Amino acid sequence: MVNDLRVAVFQNLSRLSMPFFNRATTGDLITRINGDALLLQTCLASGVSILVSEPVAIVSIFTGLCLIDWQLTLCMLVLFPVCVIPIVHFGKKARKATGKRVAANIDQSSLAVEMFSGMRVIKAFGLENTQVDRFRELSQQLIRQTMKTVRSREIVGPLVETVSMIGIGALILYVVHTARSMPDLVVFFTGLIMFYTPIRKLARMHVRIEEASVGAQRLIHILDEKPDILEQPKARPVIEFQQNIEFDGVSFAYEDETVVTGLNLKIPKGSKLGIVGESGSGKSTIINLLFRFHDPDAGSVKLDGYDLRDLNIKEFRRQMALVSQEVVLFDLTVAENIALGQTGCTREQIESAARHAHAHEFITALPSGYNTRVGERGVTLSGGQRQRLAIARAFIRNAPILVLDEATAALDSKAEGEVQSAIDQLA
Ligand SMILES: Nc1ncnc2c1ncn2[C@@H]1O[C@H](COP(=O)(O)OP(=O)(O)O)[C@@H](O)[C@H]1O
Ligand SMILES: [Mg+2]
């Protein structure tokens, strides 16, 4: 069940749109999938049977005690609320500590992600120790908060026991006072101890549930999150790009930073358009709008005269191929990385795309050629090589709209010229 939940969370995350991922931190998301689900899992694993069996025990023992001596049993019940107060109190405490623990966990995950993805920079700037210090501090915080929750969980048991001991003491006094027979006392005494055992178990369980609820709430929050970019219920299918792309009075701002204002632009099919501007001027933003990673605040982006917001998202994106500044390679073979998202393409098609992107030569020089695994994020390849794989990937997609976002920035001028001519052939 926890596994299903994790898959559901992951699936919902995959559906969310870019604005969400710009807001969320990687550490937070990883913690939600791993840590929060784990909190729930430990709770469920240790707990569900207790929640069923113990109340049954309480009811049956209570009935038994009533049968022996109902007056005495009711007297004992007076002590019951005395148990409940610390249980609720420590449950709340554990919950608060768990919240802080999760926060520390998130920061730690973020730090780890940052460290491993930025190792080169960290080493170059000599930041290893700074990172370790930050990690240590977070670790200590994590341990402190974990200890708090463990303490809360462990303390409720003895507290319930103390209360039950007081009860037993009172019982002995009562028995002496009323001069009841010894066998009565023994039976009742045993019953009472049996009565408090399930209460103690439930008390600990309550604290555990309070802890798990922190994780559960965070998971539910993700499951409730709706994509900002939504498809119309009756979205128009896109069979083939035919006429033009149009930006019609488009304005757009990230949060409060306006990047594009009143952009009018018509790009007919078969034409080539280059956009020049200094860095930070909004070139990539225009591409984000074209792919509908974001919706414009005013105006509309149109494909063949239809507003992107009315079109089937998957289908219109299939008309486009993107080669961006940051090349994303997956830990797959070279061939699989090129064929990405294209099921059933042949080795010939892959090689032909690679040749066009001037990648064939370096690929065949790799240890296992096209079957070489590139390693996570393609760390085993040079920047220019990665870029060429990304270009080959765009070529094989054979989409009518090819979008290059500073795609040749990582290439030397010779390779740039070659790729440029390949792109020219394509058009
Ligand atoms: N996800 C984002 N959230 C907030 N601001 C952003 C985001 N992406 C880009 N910007 C801002 O928008 C402006 C344009 O960025 P961008 O389109 O990437 O420029 P270019 O591609 O021309 O270098 C920059 O000032 C940048 O700081
Ligand atoms: Mg850019």
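A residue is called buried when its relative accessible area is under 20%. Keep that cut-off in mind as you look around this predicted model.

Start with arginine 292. Its relative accessible area is 3%, so it counts as buried. You'll find this arginine in the loop between helix H8 (283–290) and strand E3 (298–303). Arginine 292 also has a positive phi of about 55 degrees, although it is not a glycine. Histidine 294 sits in that loop between H8 and E3 too, and with a relative accessible area of 7% it is buried. What does histidine 294 touch, if you skip residues up to four places away in sequence? Its partners are Met18, Pro19, Asn22, Ile229, Phe252, Tyr254, Asn288 and Leu289.

Now for aspartate 304, in the loop between E3 and strand E4 (306–307). Its phi is near 50 degrees, again a positive value in a residue other than glycine, and its relative accessible area of 17% makes it buried. Is aspartate 256 buried or exposed? At 71% relative accessible area, aspartate 256 is exposed; look for it in the loop between strand E1 (244–254) and strand E2 (257–268).

**The helices**

Helix H6 covers residues 128–178, which is 51 residues. At 1.5 Å a residue it should span 75 Å, and its end C-alpha atoms are indeed 75 Å apart, so the two values agree. Just after H6, alanine 179 takes a positive phi of about 55 degrees.

Helices H3 (26–77) and H4 (80–117) share a job of sorts: each supplies at least two residues of a nonpolar patch. That patch is on the surface and is made of Trp70, Leu74, Leu77, Phe80, Val84 and Val88, with about 500 Å² of accessible area together. Leucine 77, which belongs to H3, is partly exposed at 30% relative accessibility.

**Inside the protein**

The largest nonpolar core has 33 residues, and Val334, Ile338, Ile363, Tyr370 and Leu389 are the ones with the most contacts inside it. Several elements give two or more residues to this core, including strand E5 (320–323), helix H10 (334–339) and helix H13 (383–397). H13 provides the largest share, seven residues. As for tyrosine 370, its contacts beyond four places in sequence include Val334, Ile338, Ile350 and Ile363.

**Salt bridges**

Side chains of opposite charge can pair when their charged atoms come close. The model has 19 salt bridges, and here are three of them.

| Pair | Closest N to O distance |
|---|---|
| Aspartate 228 and arginine 23 | 3.9 Å |
| Aspartate 28 and arginine 32 | 3.0 Å |
| Arginine 134 and glutamate 114 | 3.8 Å |

Where does each pair sit? Aspartate 228 is in the loop between helix H7 (182–224) and E1, while arginine 23 is in helix H2 (residues 18–23), so this pair, 205 residues apart, links distant parts of the chain. Aspartate 228 is partly exposed, at 38% relative accessible area, and so is arginine 23, at 46%. Aspartate 28 and arginine 32 both lie in helix H3, four residues apart, or about one turn of the helix. Aspartate 28 is buried at 13% relative accessible area, and arginine 32 is buried at 11%. These two belong to a network of salt bridges that links Asp28, Arg32, Asp36 and Arg218.

The side chains of arginine 134 and glutamate 114 also meet in a salt bridge. Arginine 134 lies in H6 and glutamate 114 in H4, so the pair ties together parts that are 20 residues apart in sequence. Arginine 134 is partly exposed at 41% relative accessible area, and glutamate 114 is partly exposed at 42%.

Methods
Residues numbered from 1 in each chain as written. Chains lettered and ligands numbered in written order. Predicted model: local features only at pLDDT ≥ 70, side-chain atom pairs only at ≥ 80, totals over all residues. Heavy atoms only, no water. Expected span 1.5 Å × (residues − 1). Patch = residues over 30% accessible without salt bridge, like charges linked within 9 Å, V, L, I, M, F, W, Y side chains within 5 Å. Areas by Shrake-Rupley, 256 points an atom, 1.4 Å probe, with all protein chains shown as cover. Salt bridge = Lys/Arg side-chain N within 4 Å of Asp/Glu carboxyl O. Buried < 20%, exposed > 50% of the residue type's maximum accessible area, 1.4 Å probe, protein only. Core = buried A, V, L, I, M, F, W, Y, C linked by side-chain atoms within 4.5 Å. Contact = heavy atoms within 4.5 Å.
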